[in-house]
Amino acid sequence: MSSAHTGRRSSRAVLHWVGVHSLGVAAALFFVLPFVFLLLTSLMGDRQALTRDLWPDTWEWGNYAKVWHTPGFLTWWRNTLLYAGLGTLLTVVSSVPVAYALAKFRFRGRRLALLLVIAMMMLPPQVVVIPMYLFWAKQLDLSGTLWPLIVPMAFGDAFSIFLLRQFLLTIPDEYLDAARVDGCGEVRTLLRVVLPMARPGIAAVALFQFFCAWNDYFGPQIYASDNPAAWTLSYGLESFKGAHHTNWNLTMAATVLVMAPVIVLFFFAQKAFVEGVTLTGVKG
Amino acid sequence: MTGAHPLRSKRRRSALRTAAFLSPWLIGFAVFFLYPLLSTVYFSFTRYDGFRQPAFNGLDNWSYVFTDYPLFWPAMRNTLWLVLVMVTCRVAFGLGIGLLITKIKTGTGVFRTLFYLPYLAPPVAATLAFVFLLNPGTGPVNTLLDAVGLPTPGWFTDADWSKPALTALALWGVGDLMVIFMAALLDVPKEQYEAAELDGAGAWARFRHITLPNISPIIMFAVVTGVIQAMQYYAQPLVAGKVAAGVIGGSGQQFEPGYPDKSTLTLPQLVYNLGFQRFDYGTACVVALVLFALSMAFTALLMRRRGGLIGAGE
C-alpha cells in the first residue's frame with residue numbers, strides 16, 4: 001500500500017521533472033538560437049551569406065579580421081571605452097555621496113529630493129535634448145566630441161543614485177553610529193565604513209552604467225553624428241551595415257564583436273548584475 | 001557669543017554637510033534637468049531654427065503637432081500599441097520564464113544564464129541581428145518556418161508584422177524581468193503553499209490564490225517600468241526601420257522615418273525628426289513635452305505609497 005503510494009508519487013515527480021525540463025529546453029532554444037545563427041552567418045563566405053543556407057560551407061574566420069580592420073572600427077572601439085570607462089568612474093564618484101545622504105541623513109526635503117531623483121530617472125532623454133544640444137553645440141561648440149556625453153556623468157546619475165540608496169538602506173545604522181561615536185566625521189564614515197560594505201552595490205551600479213554607455217545610441221547620434229572620429233560602437237555599427245549593404249556575414253561579425261565584451265564582462269560579474277536587477281524591483 | 005547658540009550652529013553645520021553631500025546632484029538637477037525642461041517649455045511657444053533668435057508664435061506649434069503634423073498620430077498610435085501589447089507580452093512572458101526557472105531543478109545556473117544573456121545584448125546589435133534573422137527571403141527564421149510548412153511573414157518589411165517583430169525582440173531580452181520575478185517568487189512563504197496543498201488546492205488554484213497576490217506589487221512594478229520604457233522606445237524601432245528600408249546610416253541622412261508605412265515610428269523619433277532633420281526646434285519641443293507629460297503620469301503611478309517604488313517606510 002505504502003510502496004504503491006510512493007511509487008505513484010515518484011512517477012508523478014518524474015513526469016513533472018520531464019515536463020519542466022522540456023519546457024526549459026524549448027525556452028532555452030528561443031534564447032540561444034539567435035546567437036547561434038548570428039555566429040554561423042558571421043563565418044560564411046560573402047556569397048553564401050545571401051542564400052538560405054544555415055550552415056557555413058567554409059569557415060571564414062577572416063571575416064572577423066576584415067571587420068576589425070575596417071576604417072574607423074578601432075576608433076569607435078576606443079571612443080566607446082573612453083565614454084563607458086570614464087563615464088562610469090565619474091558616475092560612481094558623484095553618485096555615492098548623494099545616495100549616502102539620501103539613505104542615511106535626516107533632513108527636511110528628503111522625501112522631495114528622492115521623488116525628484118525618481119522623476120529624473122524616468123525622464124526620456126528626448127524631453128530635454130533640444131536645449132541640451134543647443135547648449136553644447138551652439139554655446140560651447142563641443143558637438144562632434146565625446147564631452148557632451150561624458151561631462152554630465154560627473155553630476156550624479158539618477159538611476160545609480162536610486163540603486164545605491166536602495167543598497168545603502170540595507171546597511172544597519174548601528175555600524176555608522178559606532179563609527180561616529182569613535183569620532184569619525186561623515187566623510188571618514190563614508191569612506192572607511194560604508195564604502196567597504198557597499199562594494200556589491202557599487203559594483204552593480206558601475207556595471208549598469210558601463211553597459212548603459214556601451215549601448216547608448218541616442219547620445220552619440222545627437223552629439224557625435226557629424227564627426228565619424230567621435231562615433232561609438234553602437235552608432236558606428238548601424239552605419240557599418242549601411243556601408244556593407246549586402247554583406248550580412250560581415251555585419252553579423254561586427255555585431256558579434258560589439259556584443260562580445262558585454263557577455264565576457266557578464267561572466268566575470270554575474271552576481272553583481274543579478275543583485276543590481278533585483279535591487280531595482282524587489283527590495284523597496 | 002558662538003557658545004550662545006550651540007544648537008543652531010550645530011543645525012547649520014548639519015545642513016551644510018547635507019548640501020555638500022548632495023551637491024553633485026543638486027548641480028546636475030539644475031543644469032541637466034530644470035534648466036533644459038524650462039527651456040523646452042519656452043521653445044515650444046516659439047519659432048526657432050537654432051540660428052535666428054527664437055520668435056514667439058503662441059500656440060502655433062501645438063496646434064500644428066495635434067492637427068497637421070502627419071507623423072504625430074501614427075507615432076502616438078504605435079506608442080500606445082507598444083504600451084498595450086508589448087508590455088503585456090513582456091510581463092506575461094517574464095513571469096512565465098521566472099516561474100519556469102524556479103521549477104527547474106537540474107542545471108538551473110546554466111538555464112538562468114541562457115535566459116539572462118540576451119538582455120545584455122546592445123540594442124543596436126540585437127536589432128541588426130533580428131532584422132537579419134527575420135529577413136523575409138533568406139533569414140533563418142523564415143527558412144525554418146518554411147521547412148515545417150508554416151506561413152512566412154514579411155516581418156520588418158510588412159507594416160502589419162513590424163511591431164510583432166519588435167515584440168519578439170523585446171521578449172528575447174526579458175532577462176531583467178525574469179530575475180525580478182524569480183526573486184519575488186522565491187520570497188513567497190512556503191507554508192502558504194503547504195497549507196493550500198493540504199486543503200487539496202490544485203496548481204492553478206495555488207497560483208491564483210497564493211502566488212499572484214504575493215507578487216502583485218512586483219507585477220505592478222514591471223508593468224509601470226515597462227510602460228515608461230515603451231514611451232522611451234527609440235534605438236530598436238529606428239534601427240529596424242532604417243536597416244529594413246536599406247537606408248545607408250551615418251550623418252545627415254534624410255529618410256522617411258517609420259519604415260514600413262510609419263509602422264515603426266515612435267514618439268521619441270519625432271523629436272529627432274523635427275529637431276535634427278527639419279531644424280524646427282519649437283515643434284520638436286512640443287512633442288518632447290507630450291512625451292514628458294505621458295511619462296510623468298506613469299511615474300506618478302510608480303511613486304504611490306502602496307506598491308510604489310519608495311516603499312511604506314518613507
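1. Contact here means heavy atoms within 4.5 Å. Leaving aside neighbours within four places in sequence, B:Phe156 is in contact with residues including B:Phe130, B:Leu134, B:Tyr259 and B:Pro260.

2. The model is predicted: local features need pLDDT of at least 70, side-chain atom pairs count only at pLDDT 80 or more, and totals for chains, interfaces and linings use all residues. Residues are numbered from 1 along each chain as its sequence is written, chains are lettered from A and ligands numbered from 1 in the order written, and side-chain values use heavy atoms, with hydrogens and water left out.

3. B:Phe156 also appears in the largest nonpolar core, which has 195 residues. Along with A:Ile130, B:Phe115 and B:Leu270, B:Phe156 touches the most other members. Such a core is a set of buried (under 20% relative accessible area, 1.4 Å probe, protein chains only) Ala, Val, Leu, Ile, Met, Phe, Trp, Tyr and Cys residues joined through side-chain atoms within 4.5 Å. Helix α3 of chain A (residues 73-104) gives this core its largest share, 13 residues. Helices are DSSP runs (H or I, at least four residues), numbered from the N terminus.

4. Now the interface. Chain A brings 104 residues to the contact, and chain B brings 102 residues. The two chains bury about 9,000 Å² between them, 78% of it on carbon and sulfur atoms. Buried area is the accessible area (1.4 Å probe) that two parts lose on being put together, summed over both.

5. How many salt bridges cross the interface of chain A and chain B? The rule finds three, taking a side-chain nitrogen of Lys or Arg within 4 Å of a carboxyl oxygen of Asp or Glu. A:Glu238 and B:Lys242 form a salt bridge at 3.1 Å, N to O.

Note on methods: Buried < 20%, exposed > 50% of the residue type's maximum accessible area, 1.4 Å probe, protein only. Helix = DSSP H or I, 4+ residues; strand = E, 2+ residues; numbered from the N terminus.
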